[in-house]
Each structure stands twice: as C-alpha cells, then as structure tokens.
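Thanks, everyone, for making the time. I would like to go through the pockets of one model today, so please have the sequence and the structure open as I speak.

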Amino acid sequence: MRILIWHRNDLRLHDNPLYANLIAKDRVIPVFVLNPELLQNTTHGFPRLGKFRLKFLHETLCDLSRSLSQHQLNLRIFVGEPGLVIPQLVRTLGIDEVRATREHTWEEVRDEREVARNIAPVPLRLFEDRTLIPPERLPFAIGHLPDLFTEFRKKVEGYSRINMLLPDMPEVQPLEDADNTGFSSIPDDYLADGAALDSRAAFCFKGGETEALRRLDQYFFREHHVATYKETRNGLVGADYSTRFSPWLANGSLSPRKIYHELRRYEKQYGSSQNTYWVFFELLWRDYFRFVAIKYGNRIFKPGGIKNTDPFCPGNAPAFERWRSGNTGNDFVDANMRELLLTGWMSNRGRQNVASYLVKDMKICWLDGAAWFESQLIDYDVCSNYVNWMYVAGVGNDPRENRYFNTRRQAEMYDPEGTYRRIWLG
C-alpha cells in the first residue's frame, strides 16, 4: 500500500501506532502540516504559537526527520491547511491510505473531518494515542466521566488496563518525494525565530524524541530523582524538582505508556513508594483533563466553562499587559511571569498562583490567561491548559467553592528565603 503518515502531536518513532503495524512492502511518506492560523496574532497582539513553542517544535521535527532518515524515509513539512495539503498529496502521489492519531478538541477534529471528506474514498485511519488509558478501556462511558478527579482515580486505578508498548517500526519502502504539490515547506530560519534562552534558566529544554528518552533515563535510572518526586514537585528553583516530561508529552515525542512502563521497571528494580506512585498519579491527571475535554467539548473554551455559569469576565488590556509582562507589583507573581516570558516554562506551583491572581485578584477573564499560556508554554497541551484554567477560575472540576491562592502566603511557603524571586527579579 501507498501510505501517508500525517504527523501531528505524535512526533516520535517509539510506541507509535502510525508505524507499528506497517509491513515491509508498504511505501510510506511521513508528513507534517503547520496550519498558518497558529501563526496569527490573538486579539491581544501576541502570536498563538510563540517563539519558544516554535523553537521546540522545530527541534522536534529536526529530530524526527533524522530518525526517519535512518529508515530511508523523508519527513516532508508544509505550511497550509491540512484539509487542502493532505488531499493534494493524496491525489498527486496516488495514496491508498492516510494515517493519523486522533485528537479530541474542535480545531483538530475539524481538520480531521475536512481531510476525511476531501480524500474520500481514500480512508483516513485514526489511532488513539493521546492518553495513558485509551478512552475505550475506561470502566464507564465517557459521558459518565466523574466531575471530580478523586472519583475518576478511584474508578480507574486497578480497573483499566494499560497497553503494552508497541513494537518498533519495520523497515518499509519510501514513497517518492512530494516536490510538486503547490505548497511551501517551512524554512528553518522561520521555525527557529530568535528564541534565545535566558541565562537564568535552570533547565535547557530541547525538542525531540532523542532528548525525551535521554531525560526519562536520567530522571529515573541515572540520577534517581523519581525517588523524591512527591517531596520536590512543588519546587521553584533547579533542574530536577519535577520530571519536566510535559513538553515532550505535549507534542507526542514521548509516549505516556513509555513513562508508565519505565516507571514500573524502576519500581521492580528499586522498589515502589509514594514518590514513584505520584508520577503515575500525575499521568492520570493528564488523562483526566483530556477526558473532560472529550465529555464537554467546546464548553472548555467558554467563559462559563463546564459549569455553564455566566461569570463576570471583563477585559482590561493595561492590567493584562502588566500581568503578562511580570509588572503587577506582586513579586511572587512577577517572578513567575518573567520566567515564563523569558524561557517558555513555569513550575506547576507558579502556574496555579499566577492564574489565581489574574482571575481572583485582578478580576480578568481566565480565557485571556489561557491564551497567553497557549502562546508561551513549550508544554502547551490544549486539554491540560484549558481544563486547568477552568479549575482555577471556579468554572471547572474543582470541588471547592471559591478556591483562592494567597500569593503572599504561597511565597512564604514555597520561596521562604526569596531565592526564586531574586533570580527572576534581579
């Protein structure tokens, strides 16, 4: 068969369903399409896909291209609407089947539907790959997903089977290059547009499966940081207070199943603990955010969230700009916002505090904050981002009414000596 692999958030070769069941006589062309709408500015004037995310994507695609070339496959990268680019390639190359991993939010689902309609009768085969637990293996229908994480966790732990890792891709034949499609490739200098990392950053993220697997091995087996994960996960300073797996998970250059099975291997060798369990716990949270998005659809992008309320959600451009640039006058908030602005990263503790401050103290709509995080965070995942923001804003899955983070008290607890604030405000 002549098969087009449409890469999206699955930018790896290990444990990848798009490649696992190919056979030797298949002729394959892997393709990545960057939709130009992601390069447009929001109403606030900043791009949806900011420079750090773009740089991380560029590094990831370069790494994937190198890995594919070892199998004599050439990754082709285009700028355009997938609903136009993929069908043109199908017609030009005589494709028999298009493969992609299934997404669950409206822009991505829209692209899937447009591609499927425009390539018919050629089939679009979609594979579930974005969660640790496949949706079909939940012990309940997605419409009966509990609205509290604790209830979800109790229902799935021990009752939902996690798939084994898929086999490595077989050797296949390359399909001829797609040079005459009428669509442009992405120039390297455009993708790598000036995202120099600030010298104060404690960790240098580099995109791609190679770096993802290196970090996984380092964190678990070479340096055993997983043995203290629960104790350090609320940290602010240093390279190893958290796993930092999330950027690679977000674009699929690291499989959640790979993390899970490496975690189990670690526990067999060195023993299990609350620290190792908490890594699994966080993977369940990540799954839960996506299942909430599947259950509630576009409501996760509405001001009233899944509670369908009518919140007070005014715009205040000058105040938002002070928050975005780290100039609110609140030193704990400002330090976190400057780290994000200058590196594309912020700790989990920081994210909760700056989000609460924007919504509860500054009285600005949570959707504005979610849009800034979408632009900046190298680990941006649409489900985790918007469902987390709903949670903090009080329109999501939070069991507590009026949750509020006292940033002064939080700074005293998590930055008692002011070390983190001196780093980023100095």
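I will take the largest pocket and then the second largest one.

The model is a predicted one, in which local features need pLDDT of at least 70 and side-chain atom pairs count only at pLDDT 80 or more, while totals for chains, interfaces and linings use all residues. Residues are numbered from 1 along each chain as its sequence is written, and side-chain values use heavy atoms, with hydrogens and water left out.

The largest pocket (an open set of points on a 1 Å grid over the protein atoms alone, where a 1.4 Å probe fits, with protein on both sides within 12 Å along at least five of seven lines) holds about 1400 Å³ of space, the volume being what is filled by probe spheres set on the points, which are joined across faces, edges and corners. Its lining (residues with an atom within 4 Å of a point) has 46 residues, and E282, W285, F289, N348 and N388 are the closest to the centre. Helix 11 contributes the most to this lining, with eight residues, helices being DSSP runs of H or I with at least four residues, numbered from the N terminus.

The second largest pocket encloses about 980 Å³ and is lined by 43 residues, with L38, R48, R53, E108 and Y380 nearest its centre. Here the largest share of the lining comes from helix 4, with five residues.

Conventions: Helices (H or I, at least four residues) and strands (E, at least two) are DSSP runs, numbered from the N terminus.
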